[in-house]
Amino acid sequence: MGVRARALLCWLQVLCAVVFGDVWKVEVESKMDALVSSCVVLPCTFKYPAQEQPSSRVKGMWHKNPDKNELIYNNDPTKVRDNFKGRTRLIGSLGDLNCSLEIDGVRNHDNGPYCFRVELETSEIDKYSYVDNCVTIKMIEKASKPELLAEMFVEEGQPVIFRCSVRHTCPSHQPTLSWNHPGTTLMSYKDIGHGNWEAESILSFTPTKEDDHSSVTCTVKYHGSVEGEMQATHQIVVKEQATLSHILIPTISGLGAALLVGLLCFFVVKRYKNRIAELQSRNDNGMWSRLSRMSRRFRSGEGSFGTGGREQGQEPKNF
């Protein structure tokens, strides 16, 4: 091969790499989480250079990198590795360029990496393995407990809302959430991106005084035999609703206490005044009695000593 031929071949390889690199595309999440024994869905979309074909003329398969023959999914189940048989399926339509894969009964050694491969029936050369964009799975041995959001202090007779949610990567088998308290529930599922989903249950009810210091529990049930914390509990304290009796009873009690104190003070003051009057009366009587005795003594002395000590009827003596 001459120099010019080799140069031309190099340019053709570069051109093909650029062209096919722009056309043979796949979009996957490079890293995914999966609960052991549950399922995981690997989101996947792809493009190919030929005119779009119906699903019947497109073959899609997943293999473990780097061996293209180590298939974990194929339309022909006989070509799938034994430990993946019956556990994988495409949940998207290849005709719609959706190559999403579900792996059920996740095992702790299903780490990957896994790559998607497409084969078109248009020609023998329209085959491509997207080995530059593969998926690695991180195994989660035990589930985290649900997230429960609610107010701790609630009012009697006023509706309250409890929110319980979990995140997962298995939208084909959504988890269920249940409550231990009666009320109205609303279940919803939301795609939060990057292959992650959120399942949320909302519980609403009107608390009564019987709910005071009780616990509201949310329980999650995953697909498969998942282990971990499956419950979240929230204790509530119910404030009693203010009624007419709640207003009148404290008011009457306060007025009754004030009246009792007033009467007590009245009788104490009255008794104190009577005592003072009694003491004053005794003091006055004692003073006049003493004055009277002194007066009588004074008058008696004047009669005995007013004539110079002479006895009555006795003549004065001449010296």
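**Exercise 1. How many helices and how many strands does the protein chain have?**

*Solution.* The structure is a predicted model, in which local features need pLDDT of at least 70 and side-chain atom pairs count only at pLDDT 80 or more, while totals for chains, interfaces and linings use all residues. Residues are numbered from 1 along each chain as its sequence is written, and side-chain values use heavy atoms, with hydrogens and water left out. Helices (H or I, at least four residues) and strands (E, at least two) are DSSP runs, numbered from the N terminus. On this basis, the protein chain has 2 helices and 21 strands.

**Exercise 2. Find the strands that pair with β21, and state the sense of each pairing.**

*Solution.* Two strands pair if DSSP finds at least two bridges between them. Begin with strand β14 (residues 153-155), which pairs with strand β21 (residues 231-239) in the parallel sense over 3 bridges; here Val154 has Val238 as its bridge partner in β21. Then take strand β19 (residues 214-221), which pairs with β21 in the antiparallel sense over 6 bridges, and in this case the bridge partner of Ser214 in β21 is Ile236.

**Exercise 3. Describe the largest nonpolar core and the strands that supply it.**

*Solution.* A nonpolar core is a set of buried Ala, Val, Leu, Ile, Met, Phe, Trp, Tyr and Cys residues joined through side-chain atoms within 4.5 Å. Buried means under 20% relative accessible area, exposed means over 50%, and partly exposed lies in between (1.4 Å probe, protein chains only). The largest core has 31 residues, of which Leu42, Phe46, Trp62 and Phe116 touch the most other members. Several strands each supply at least two residues of this core, including β2 (31-35), β5 (58-64) and β9 (114-120), and β9 gives the most, with 4 residues. Apart from this core lies another, of 22 residues, among them Val160, Trp179, Tyr222 and Val238. For a closer look at one member, count contacts (heavy atoms within 4.5 Å): leaving out residues up to four places away in sequence, Phe46 touches, among others, Lys25, Val58, Leu94, Phe116 and Tyr130.

**Exercise 4. Examine the salt bridges of Arg87 and Glu102, and decide whether each of these two residues is buried or exposed.**

*Solution.* A salt bridge is a side-chain nitrogen of Lys or Arg within 4 Å of a carboxyl oxygen of Asp or Glu, and a search of the whole structure finds 7 of them. The side chains of Arg87 and Asp110 meet in one, at 3.0 Å from N to O. This pair links distant parts of the chain, since Arg87 is in the loop between β6 and β7 (88-90) and Asp110 is in the loop between β8 and β9, 23 residues apart. Both Arg87 and Asp110 are buried.

Turn next to Glu102, whose side chain meets that of Arg89 in a salt bridge at 3.1 Å, N to O. Glu102 lies in strand β8 and Arg89 in strand β7, so the pair ties together parts that are 13 residues apart in sequence. Glu102 is buried, with a relative accessible area of 4%, whereas Arg89 is partly exposed, with a relative accessible area of 39%.

**Exercise 5. Which residues form the salt bridge of Lys85, and how accessible are they?**

*Solution.* Lys85 forms a salt bridge with Asp82, and the closest N and O atoms are 3.2 Å apart. Lys85 is partly exposed, at 40% relative accessible area, while Asp82 counts as exposed, at 65% relative accessibility.
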